[in-house]
Amino acid sequence: MRKLHIILIGVFAAGVLLTGIGAGVLFTEFTALSYGGKELLGKTDMRTENFDVEFEPGEERAFITGWYNWEQDEVLTDARVPENTVRFCVTYNKERTVPLPKWEEEYNEVVLLTRWVAEDDDVELMMEAKDLLLENLKEGRLVSFDALGIEEVTVTVNPANKADVRLVW
């Protein structure tokens, strides 16, 4: 019985030793990785276009909404924009999306919607991402993936309408 205990303790100690070695190798490899930036998936055809939407100013301010990471805190003004009009300057990937701005009278808001037009197969994009991930891991880098749709949105109105609108996201 004593001999069995010694063998079990030896096996346990060997397991702890191998686990420690594996954790050390994993930690060393992980700390050697660097960030390699963003990799784009699928086709890209970036465009920047202006989209004008007329709205009806009233007693309440009209809301300007959308589901994008707008980096501006307030609506910009430009005298070249016609009065009672919101101008969206949108940078987007024509291969994946089509911006569809419109006036929603019921909710008193100007909305920037998007219709996805990408014909990329999800499995095809996943396999492309897998290949890029493995290629970058071999070079010691981790990367982020993005299938670009809307890249940037800037909202502008005429200075006369500055008090009539409010940017909400």
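This report describes a four-stranded sheet, a nonpolar core, two residues with positive phi and several salt bridges in a predicted model.

Residues are numbered from 1 along each chain as its sequence is written, and side-chain values use heavy atoms, with hydrogens and water left out. Because the model is predicted, local features need pLDDT of at least 70 and side-chain atom pairs count only at pLDDT 80 or more, whereas totals for chains, interfaces and linings use all residues.

**The open sheet**

Strands here are DSSP runs (E, at least two residues), numbered from the N terminus, and two strands pair if DSSP finds at least two bridges between them. Four strands in the order β6-β7-β3-β10 make up an open sheet with mixed pairing. The strands β6 (97-104) and β10 (165-167) stand at its edges, and each has a single partner strand, so one side of each is left without a neighbour in the sheet. From one strand to the next the twist averages 25 degrees, where axes are lines fitted to C-alpha atoms and angles run from 0 to 180 degrees between N-to-C directions.

At one edge, β10 runs parallel to strand β3 (residues 62-66), to which three bridges join it, and F63 stands opposite R166 in β10. At the other edge, β6 pairs with strand β7 (residues 109-116) in the antiparallel sense over eight bridges, with K102 opposite V111 in β7. The strands β6 and β7 form a hairpin with four residues between them.

**Positive phi angles**

Most residues other than glycine have a negative phi. In the turn of the β6-β7 hairpin, N108 has a positive phi of about 55 degrees. With a relative accessible area of 19%, N108 is buried, a word that means under 20% relative accessible area, while exposed means over 50% and partly exposed lies in between (1.4 Å probe, protein chains only). N84, which is not a glycine either, has a positive phi of about 60 degrees; N84 is placed in the loop between β4 (76-77) and β5, and counts as partly exposed at 27% relative accessibility.

**The nonpolar core**

A nonpolar core is a set of buried Ala, Val, Leu, Ile, Met, Phe, Trp, Tyr and Cys residues joined through side-chain atoms within 4.5 Å. The largest one holds 18 residues, of which I64, V86, F88, V90, V155 and V165 touch the most other members. Two or more residues each come from β2 (46-54), β3, β5 (85-93), β7, β9 (150-157) and β10. Leaving aside residues up to four places away in sequence, V165 touches F55, R61, A62, I64, V75, V86 and V157, contact being heavy atoms within 4.5 Å.

**Salt bridges**

The structure holds eight salt bridges, each defined as a side-chain nitrogen of Lys or Arg within 4 Å of a carboxyl oxygen of Asp or Glu. Three of them, including their N to O distances, are tabulated here.

| Pair | N to O distance |
|---|---|
| D146 and K38 | 3.6 Å |
| R80 and D78 | 2.8 Å |
| K130 and D131 | 2.9 Å |

The pair of D146 and K38 links distant parts of the chain, with D146 in strand β8 (residues 141-146) and K38 in strand β1 (residues 34-40), 108 residues apart. Within this pair, D146 is partly exposed at a relative accessible area of 22%, whereas K38 is exposed at 58%. R80 also counts as exposed, at 69% relative accessibility, while K130 is partly exposed at 37% and D131 is partly exposed at 43%.
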